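Hi,

Here is the structure I promised to pass on. Have a look at it first, and then read my notes underneath.

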Amino acid sequence: MMMSPPDKFDDEAGVLAHWLAGHLAQAEDVACQPLERTKLGMSNDTRIVDATWTEGGQPRARRFVLRCGSDSLPVHPLQTGAVPDSVALQYRVMAALAVDGSIPIARLLPYEADRQWLGRPFFLMEHVPGWVPSDHPAYTEAGPFFDTAPDQRRSFI
């Protein structure tokens, strides 16, 4: 069921819960915890979202990654005029890879271009636990990749 943007919510978590309720089949009482910003991703705003809901009388919980477009100038200029912003381009590439099936991709929820929801385009994908290469400090300068012997770095691929 497609829902309209809410008239008024005091916080982004409430808005996102309202949006998510329209995209989770048979979900009731959807709630999102305050959105935790990550230190990763310079091209878009990236946040971790913990959502809870009831489905068929059973409690459910899932962690998502929220990728929001930015109103500031992009770090990486777009290479195509086919999409309006980099978050749309990222979504389209990930969706194409998911359809192809040759590369594992976290499950994507629909792309939302309507700025009435969060003030900018966004998408959610399921969170996959694991290590994500860092920008600050660069993963080639510190952290698990740097600390691994060069001949074993292929295991990160």
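What follows is a walk through the strands, the salt bridges and the aromatic residues.

First, a caveat: this is a predicted model, so please read everything below in that light.

**The strands**

I'd start with strand 3 and strand 4. Strand 3 covers residues 45-55 and strand 4 covers residues 58-68, and the two are paired antiparallel through 11 bridges. If you want a spot to orient yourself, find T54, which sits opposite P59 of strand 4. Strands 3 and 4 make a hairpin, with two residues between them. Look at G56 in that turn: its phi is positive, at about 60°.

Strand 4 has another partner too. Strand 5 (residues 122-126) runs antiparallel to strand 4, and five bridges join them. Here the pair to look for is F64 and E126, the latter in strand 5, standing opposite each other. Keep E126 in mind, as this residue comes up again below.

**C68**

C68 is also part of strand 4. Is C68 buried or exposed? It counts as buried, because its relative accessibility is 2%, and the cut-off for buried is under 20%. As for what surrounds C68, leaving out residues up to four places away in sequence, it touches N44, D45, V87, L118, R120, P121 and F122. Take L118 from that list: C68 and L118 are 50 residues apart in sequence, yet their C-alpha atoms are 8.4 Å apart in space.

**Salt bridges**

Side chains of opposite charge can pair when their charged atoms come close. How many salt bridges are there in this model? The count comes to six, and three of the pairs seemed worth describing to you.

One is R47 with E12, where the closest N and O atoms are 2.5 Å apart. This pair ties together distant parts of the chain, since R47 belongs to strand 3 and E12 to helix 1 (residues 12-21), with 35 residues separating them. The two ends differ in cover: R47 counts as buried because its relative accessibility is 5%, whereas E12, with a relative accessible area of 29%, is partly exposed.

Then there is R62 with E126, with 3.4 Å between the closest N and O atoms. Again distant parts of the chain are linked: R62 lies in strand 4 and E126 in strand 5, 64 residues apart. R62 is partly exposed, at 32% relative accessibility, and E126 is partly exposed as well, with a relative accessible area of 22%.

E126 also meets R107 in a salt bridge, at 2.8 Å from N to O. These two are 19 residues apart, with E126 in strand 5 and R107 in the loop between helix 2 (86-100) and strand 5. R107 counts as partly exposed, its relative accessibility being 42%. Beyond these pairs, E12, D45, R47 and R120 are joined into one network by salt bridges that share partners. You'll recognise D45 and R120 from the contacts of C68.

**Aromatic residues and the loop after strand 5**

A search of the whole structure finds four aromatic pairs. One of them is Y139 with F145, an edge-to-face pair with 5.4 Å from centre to centre and 75° between the planes. Elsewhere, Y91, Y111 and F123 make up one aromatic cluster.

Which residues make the nonpolar surface patch of about 270 Å²? They are W131, Y139 and F156. W131 is found in the loop between strand 5 and helix 3 and is partly exposed, with a relative accessible area of 36%. Y139 is partly exposed too, at 34%.

S134 is in that loop between strand 5 and helix 3 (144-147) as well. Why does S134 count as buried? Its relative accessibility is 19%, and the cut-off is under 20%. Finally, S134 and P144 are 10 residues apart in sequence, and the distance between their C-alpha atoms is 10.0 Å.

Over to you, and best wishes.

Key: Residues are numbered from 1 along each chain as its sequence is written. This is a predicted model: local features need pLDDT of at least 70, side-chain atom pairs count only at pLDDT 80 or more; totals for chains, interfaces and linings use all residues. Side-chain values use heavy atoms; hydrogens and water are left out. Two strands pair if DSSP finds at least two bridges between them. Helices (H or I, at least four residues) and strands (E, at least two) are DSSP runs, numbered from the N terminus. Buried means under 20% relative accessible area, exposed over 50%, partly exposed in between (1.4 Å probe, protein chains only). Contact means heavy atoms within 4.5 Å. A salt bridge is a side-chain nitrogen of Lys or Arg within 4 Å of a carboxyl oxygen of Asp or Glu. Patches are made of residues with over 30% relative accessible area and no salt bridge: like charges are joined within 9 Å, nonpolar side chains (Val, Leu, Ile, Met, Phe, Trp, Tyr) within 5 Å. Accessible areas come from the Shrake-Rupley method with a 1.4 Å probe; for residues, only the protein chains shown count as cover. Rings of Phe, Tyr and Trp (its six-membered ring) pair if their centres lie within 6.5 Å; planes under 30 degrees apart count as stacked, over 60 as edge-to-face and the rest as tilted.
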